[in-house]
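Welcome! Here is a short guided tour for anyone meeting this structure for the first time. Take a look at the picture, then read on.

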Amino acid sequence: MSRIRTGTDTAREPREDYTGGVYGSMLAASVVIGAGSLGSFPRTELVLLLLLTGVVFWIAHVHAQLFGARLARQPLDRRVVAHVCRDEWPIVKAAVPPAVAVAVSPLLGMDVRGAGWLALCVAVAGQVGWSVAAARHVGASPRLMAATASVNLVLGLLIIAFKIVLTH
């Protein structure tokens, strides 16, 4: 989660925070695993579940940031609210690629189960991609970028292992 900047931060260039993207990708992977059996329109329901879960968690993160700022006695104005909404938006953005994967899966000749696996793989790839982007953005060494990619890949593979264990 990003933090609200104080008045001293505003003179600096806006910072990019990729935490929400990593978190949102992991959330999307978890949604695919937890989706279980869906109703009459499983692809549509999974797409909606991915996107709406991302939006709900985005709202929760925005609320937590704004509530935290209020506790710290920082004034909340429209600019602060808009800034927090923007900072937390990667949570929603991370849900889009897995949702698109599910939506286009019929064009690839995939059944619903294949669509779920595709969405899960896309979410894990997003998780790794967001973490590498974050490391690169802060000027991390290639070794550190490889380390963060590896950690996030292992976490993603752990989520995939849970899916395999839970569905067999």
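Let us start from the outside. The protein has an accessible surface of about 9,800 Å², and carbon and sulfur atoms account for 68% of that area. Please keep in mind that this is a predicted model. Of the 168 residues in the protein, 38% are buried.

What does the secondary structure consist of? There are seven helices and zero strands, so the pattern along the sequence reads α-α-α-α-α-α-α, with helices counted as DSSP runs of at least four residues. Contacts across the sequence are worth a look too: taking those between residues at least 6 apart, 71% join residues at least 24 apart.

How confident is the predictor, and where? The average pLDDT of the protein is 83, and 85% of the residues score at least 70. Among the elements, helix H5 (residues 96-104) has the highest mean pLDDT, 95, while helix H1 (residues 19-34) has the lowest, 79. Residues 1-14 call for some care, as pLDDT stays under 50 there. For this stretch the model has 28 contacts beyond four places in sequence.

Now to the surface again. Which residues form a nonpolar patch there? They are Val-151, Leu-155, Leu-158, Phe-162, Val-165 and Leu-166, with about 570 Å² of accessible area together. Val-151 lies in helix H7 (residues 142-167). This valine has a relative accessibility of 49%, so it counts as partly exposed, a class that ends at 50%.

Another residue to visit is Leu-51, which sits in helix H2 (residues 42-71). Leaving aside residues up to four places away in sequence, Leu-51 touches Ala-95, Val-96 and Ala-99. From Leu-51 to Ala-28 the C-alpha distance is 8.6 Å, and the two are 23 residues apart in sequence. At 29% relative accessibility, Leu-51 is partly exposed.

Finally, a word on cysteines. A disulfide is a covalent bond between the sulfur atoms of two cysteines. How many does a search of the whole structure find? The result is zero disulfides. The table sets two cysteines beside the two residues visited above.

| Residue | Relative accessible area | Class |
|---|---|---|
| Cys-85 | 23% | partly exposed |
| Cys-121 | 42% | partly exposed |
| Leu-51 | 29% | partly exposed |
| Val-151 | 49% | partly exposed |

Key:
Residues numbered from 1 in each chain as written. Predicted model: local features only at pLDDT ≥ 70, side-chain atom pairs only at ≥ 80, totals over all residues. Heavy atoms only, no water. Helix = DSSP H or I, 4+ residues; strand = E, 2+ residues; numbered from the N terminus. Buried < 20%, exposed > 50% of the residue type's maximum accessible area, 1.4 Å probe, protein only. Contact = heavy atoms within 4.5 Å. Areas by Shrake-Rupley, 256 points an atom, 1.4 Å probe, with all protein chains shown as cover. Disulfide = S-S within 2.5 Å. Patch = residues over 30% accessible without salt bridge, like charges linked within 9 Å, V, L, I, M, F, W, Y side chains within 5 Å. Salt bridge = Lys/Arg side-chain N within 4 Å of Asp/Glu carboxyl O. pLDDT = per-residue confidence, 0-100.
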